[in-house]
Amino acid sequence: MFSKQAKSSKTPARIEPLPTPMAMPPVETARRAPPKVASLLSADLTIEGGVTGEGELQIDGVVKGDVRVGRLTVGETGHIEGSVYAEAVEVRGRVVGSITSKQVRLHGTSYVDGDITHEQLAMETGAFFQGRSLKFQRPAPAAQPAPHPETLAIAKPAAG
């Protein structure tokens, strides 16, 4: 039923060494980087002076100065006395000063005393807002100057 086959003249399997790990291109490195976690200013902290950065910040404490970050969340216990500049702003606490952002969301517990310059503004029922709502003014496309009369070529009909 079963019989032992004669050894064939096959060449032994070649074992190739594993490729050495190379430095990953920057695109793959960015893709695999862990997501950035928001920095937190807790309720028991007060900062006197400006706060700047590129990332995300949640303020539950007090900042007496300007805040310029990528994304800002002002918690219910958070309080800012100064101007705010960010890509996106969510307010649940107090802001006394102007806000400049593409997207602004005022939650029902928010108190904002100052102008808001924005592309998108959302306000929940109960939010307090005293100031002006100013929409970003996109620059108008530059008008093409009229060509000079000397540069115009006038075509004459062919005489025939």
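Is Phe128 buried, partly exposed or exposed? Phe128 counts as partly exposed, at 33% relative accessibility. Keep that residue in mind, as we'll come back to it after a look at the whole chain.

First things first: what you're looking at is a predicted model. The protein has 160 residues, and 25% of them count as buried. Its secondary structure comes to one helix and 16 strands, so expect to spend most of this tour hopping between strands. As for the surface, the protein exposes about 12500 Å², and 56% of that is supplied by carbon and sulfur atoms. Here's another number to carry along: take the contacts between residues at least 6 apart in sequence, and 2% of them join residues at least 24 apart.

Now let's head inside. The largest nonpolar core has 21 residues. The ones with the most contacts inside it are Ile59, Val67, Leu72, Ile80, Val91, Val95 and Ile99. Where does the core come from? Strand 4 (56-59), strand 7, strand 9 and strand 11 (99-106) each supply at least two of its residues, and strand 9 gives the largest share, four residues.

Ile59 is a good place to stand and look around. Leaving aside residues up to four places away in sequence, Ile59 touches Leu41, Val67, Leu72, Thr73, Val74, Gly75, Gly78 and Ile80. Three of these names, Val67, Leu72 and Ile80, also appear among the residues with the most contacts inside the core.

From here, let's follow strand 9 to some charged side chains. Side chains of opposite charge can pair when their charged atoms come close. A search of the whole structure turns up six salt bridges, including one between Arg71 and Glu90, at 3.3 Å from N to O. Arg71 lies in strand 7 (residues 71-74) and Glu90 in strand 9 (residues 84-91), so this pair ties together parts that are 19 residues apart in sequence. In space, their C-alpha atoms are 8.5 Å apart. Arg71 itself is partly exposed, with a relative accessible area of 32%.

Glu90 has another partner, too. Its side chain also meets that of Arg92 in a salt bridge, this time at 3.5 Å from N to O. Arg92 counts as partly exposed, at 28% relative accessibility. Step back a little and you'll find that Glu56, Arg71, Glu90 and Arg92 are linked in a network of salt bridges. Glu90 has other neighbours as well: not counting residues up to four places away in sequence, Glu90 touches Arg71, Leu72, Thr73, Val74, Arg105 and His107.

Further along the chain there's a salt bridge between Asp115 and Arg132, whose closest N and O atoms are 2.9 Å apart. This pair links distant parts of the chain, 17 residues apart. Asp115 sits in the loop between strand 12 (111-113) and strand 13 (116-118), while Arg132 sits in the loop between strand 15 (128-130) and strand 16 (133-135). How open are the two ends? Asp115 counts as partly exposed at 24% relative accessibility, whereas Arg132 counts as exposed at 52%.

That brings us back to Phe128. The structure holds one aromatic pair, and it is the one formed by Tyr111 and Phe128. The two rings are stacked, 4.5 Å centre to centre, with 10° between their planes. Tyr111 lies in strand 12 and Phe128 in strand 15, so the pair ties together parts that are 17 residues apart in sequence. Like Phe128, which counts as partly exposed, Tyr111 counts as partly exposed, with 24% relative accessibility.

Tyr111 has one more companion: Arg94 lies over the face of its ring, at 4.0 Å from the ring centre. You can spot a similar arrangement elsewhere, where Arg68 lies over the face of Tyr85, at 4.1 Å from the ring centre.

Our last stop is His118, found in strand 13. This residue is buried, with a relative accessible area of 5%. And what does His118 touch, not counting residues up to four places away in sequence? The list runs to Ser101, Lys102, Val104, Ser133, Leu134, Lys135 and Phe136.

Conventions. Residues are numbered from 1 along each chain as its sequence is written. This is a predicted model: local features need pLDDT of at least 70, side-chain atom pairs count only at pLDDT 80 or more; totals for chains, interfaces and linings use all residues. Side-chain values use heavy atoms; hydrogens and water are left out. A salt bridge is a side-chain nitrogen of Lys or Arg within 4 Å of a carboxyl oxygen of Asp or Glu. Buried means under 20% relative accessible area, exposed over 50%, partly exposed in between (1.4 Å probe, protein chains only). Rings of Phe, Tyr and Trp (its six-membered ring) pair if their centres lie within 6.5 Å; planes under 30 degrees apart count as stacked, over 60 as edge-to-face and the rest as tilted. A charge sits over a ring if NZ of Lys or CZ of Arg is within 6 Å of the ring centre and within 35 degrees of the ring normal. Contact means heavy atoms within 4.5 Å. Accessible areas come from the Shrake-Rupley method with a 1.4 Å probe; for residues, only the protein chains shown count as cover. A nonpolar core is a set of buried Ala, Val, Leu, Ile, Met, Phe, Trp, Tyr and Cys residues joined through side-chain atoms within 4.5 Å.
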